[in-house]
Structure formats: structure tokens, C-alpha cells
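Here are my notes on the structure you asked me to look over, set out as numbered points. I would be glad if you read them with the structure open beside the text.

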Amino acid sequence: MSAPERIPPRSLTSLDLLAEGELTVRGRVREASNAVLFCTVAHEGEEAECVYKPVAGERPLWDFPDGTLAQREAAAYAVSEATGWGLVPPTVLRDGPYGPGMVQLWIEDDPSVSLLALVDDDEPGDGWKPVGLAQVDEDRTALLVHADDVRLRRLAVLDAVINNADRKGGHLLPAVDGRLYAIDHGVTFHVDDKLRTLLWGWAGRPLPTEALDVLARLEADLAEGAALATRLAELITPAELAALRARVAALRTSGRHPEPSGRWPAIPWPPV
Ligand SMILES: Nc1ncnc2c1ncn2[C@@H]1O[C@H](COP(=O)(O)OP(=O)(O)O)[C@@H](O)[C@H]1O
Ligand SMILES: [Mg+2]
């Protein structure tokens, strides 16, 4: 038997390409709230599509310090990689034609996959989890549901860890390769509990063993001096890093998916 062929992890190759490639702006993503530029990166005969979000194009927010969203996106990628779940597309910080920003691999989404739905029933139905009642128009409410999908459940855990304040439906990208990616992690890692998401279907339920194992590993990876902690210290503040450690510890102690705090709107608006 021949030795198995060593294939470099795709994300590594993509990271080099994203970080080193020549960045060319091809267009602007219209519906974005920040400047989001659709680009290509080319390096040594390889080319990929990506998004480039220059820091200069970040819209100021009341609750996050100005000019920090790109770092938060990179930090979310670093934590996602540490979980081994690969939920966030390869993301780098680099310079571009509009100055420093974040560059992320473009994910072609598969429009045939639906992860969210509205149902005219009290029950979510098989394979779906309830999020809550939504006012569809003046005299009609419907039950908003998300798919009962292991990848979404992992993402619910990742979002709790990174304290994602904006997990909308449009930020879930089922890729044509069958994987699920999640994007738009600019409003994460706040010191206050700001978890705002559609993925409440498992709220209060015991965490799967898989998630507990990942959280145990994350706790070690976040210890002072560990590579992940060192990387994150370059991207978020010491207080935010401490809050991240505290969230991981709290999830391990409770052993459950978090529930809405009640102090903060639990569901993003608009939800998609
Ligand atoms: N990595 C990506 N792959 C594919 N599409 C993306 C990616 N990043 C952003 N987009 C597209 O650009 C839109 C705006 O990006 P988003 O990250 O939501 O920006 P904003 O920070 O302005 O909310 C997304 O809704 C999505 O359609
Ligand atoms: Mg967005």
C-alpha cells in the first residue's frame, strides 16, 4: 500500500493566497451596512474570490469602539479554527487599496438549502426547531423556525463563545460543497452579554458531548501563553479576552446552551 497522499489543509492554502495575493476590487456588495467589496486575490497562478472590508468603511456603532470590526472578524475566525468546526471562512487582516481591513474567502452559497422557515402552525415540524413567533404582516403571525442541523448547533455554541450580537439568517451560507459557513462577525467579543441570534432552538438544552469536548480544549487554548490566547491578545482587549474565558468556563459549568438574558433583544432585526 502506498503512503496516503499529503494534502495541505485547504484553509492554509487559502490563507496564504488571501494574505499574499494581489487584491483587485471587482464590485461593491450593495446590501451591506459597512463597505463590503467583492474582490479577487491572485498569487503564483492561483486565484480566489473574496470580500474585503476596509476598516475605513466601517460604520461607527454606539456599543463597539470605532475601527475594531475587522479585528473581531479575524478573532472569530481564530476561535472557529480552534474548535475544529471550520465554520468561519478563512479570514486575514491585511492592507488593500482602501487601507487595512479584513479579507475573507468568498463562499458560493447553495440557494437550494433552506435553514430558516416560517410555518403557519404552533409546532415547528420534524427536522425544525422553533425560534419564536414573528409578525409576518398586520394580521398574521407565523412561527419562525431553523433547521435541526448539527452544524447550526455547533454554530450556536460558537456564537455563545464569541458573544455574537448579530447572527442573522443571511449570515448563514450553506456552501455548494455541502459545508456550512457563517459570516459577518464584526460585532462579537463584547464584554457584556450581547448574544443576539436566530439559533435559539436548543436554548437551555444540555450541550452535546462533542461541544463539551471542544469547550474543554478551548479553555486550554485560551490559557495565558497558549498560541490562541496570544493571537487573540493582538485582536481584542485584555478585558474582552477575560470575558471570553469566562464565557467558556460558564458554558462548561452549566453544560447547557444559553438562554436569552432578557436584557437585550434576543433576535436580530430584521432576522434575515
Ligand atoms: N465570505 C463571504 N462569502 C460570500 N458572501 C459574503 C461573504 N462576506 C460577505 N458576503 C456577502 O456580503 C453581504 C454583506 O456582508 P456582511 O458581512 O453582512 O457585511 P456588514 O458588515 O455590512 O453587515 C452578506 O450578506 C453576503 O451576502
Ligand atoms: Mg451583515
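**Notes on the fold and the ligand shell**

1. I begin with a cross-strand pair, in which K129 stands opposite H146 in β8. Since everything that follows is taken from coordinates, please keep in mind that this is a predicted model.

2. The strands that carry this pair are β7 and β8, the latter covering residues 140-147, and they pair in the antiparallel sense over eight bridges. They belong to an open sheet of three strands, which has the order β6-β8-β7 and antiparallel pairing. Strands β6 (116-119) and β7 (128-137) stand at the edges with a single partner strand each, so one side of each is left without a neighbour in the sheet. From one strand to the next, the twist of this sheet averages 30°.

3. A further open sheet has five strands in the order β1-β2-β3-β5-β4, again with antiparallel pairing. Here the edges are taken by β1 (22-28) and β4, and because each has a single partner strand, one side of each lacks a neighbour in the sheet. The average twist in this sheet is 35° from one strand to the next.

4. Which residues stand opposite each other where β4 meets β5? Strand β4 (residues 91-94) and strand β5 (residues 101-105) run antiparallel and are joined by four bridges; T91 has Q104 of β5 as its bridge partner, while V92 stands opposite V103 in β5. Helix α2 (residues 69-83) packs on the sheet, where it touches β3 (46-54), β4 and β5, and the direction of α2 makes about 145° with that of β4.

5. The hairpin of β4 and β5 has six residues between the strands, and in this hairpin G99 takes a positive phi near 90°. You may wish to look at this glycine when reading the backbone torsions of the hairpin.

6. How do helices α4 and α6 cross, and what does their contact consist of? The axes of α4 (residues 209-221) and α6 (residues 238-254) come within 10 Å and cross at roughly 145°, and the crossing of α4 and α6 is left-handed. In the contact, L212, L215, A216, L218 and E219 of α4 meet V248, A249, L251 and R252 of α6. Sorted by class, the contact of α4 with α6 has seven nonpolar and two charged residues, with no polar ones.

7. The domain assignment of the chain gives domain 1 as 10-112 + 146-254 and domain 2 as 116-145. The C-alpha centres of domain 1 and domain 2 lie 28 Å apart, and their contact takes eight residues from domain 1 and seven residues from domain 2. On the side of domain 1 that touches domain 2, the classes are four nonpolar, three polar and one charged residues.

8. Lastly, which residues are closest to ligand 1? The ligand is surrounded by 15 residues, of which V29, A32, N34, I107 and D184 are the closest. By class, the shell around ligand 1 is made up of nine nonpolar, five polar and one charged residues.

Key:
Residues are numbered from 1 along each chain as its sequence is written. Chains are lettered from A and ligands numbered from 1 in the order in which they are written. This is a predicted model: local features need pLDDT of at least 70, side-chain atom pairs count only at pLDDT 80 or more; totals for chains, interfaces and linings use all residues. A residue is near a molecule or strand if its C-beta atom, placed from the backbone, lies within 6 Å of it. Ala, Val, Leu, Ile, Met, Phe, Trp, Tyr, Cys and Pro count as nonpolar, Asp, Glu, Lys and Arg as charged, and the others, Gly among them, as polar. Axes are lines fitted to C-alpha atoms, for helices over the stretch in contact, and angles run from 0 to 180 degrees between N-to-C directions. Helices (H or I, at least four residues) and strands (E, at least two) are DSSP runs, numbered from the N terminus. A crossing is left-handed if the near helix is turned anticlockwise from the far one by less than a right angle, and right-handed if clockwise. Two residues are in contact if their C-beta atoms, placed from the backbone, lie within 7 Å. Two strands pair if DSSP finds at least two bridges between them. Domain bounds come from an automatic or database domain assignment.
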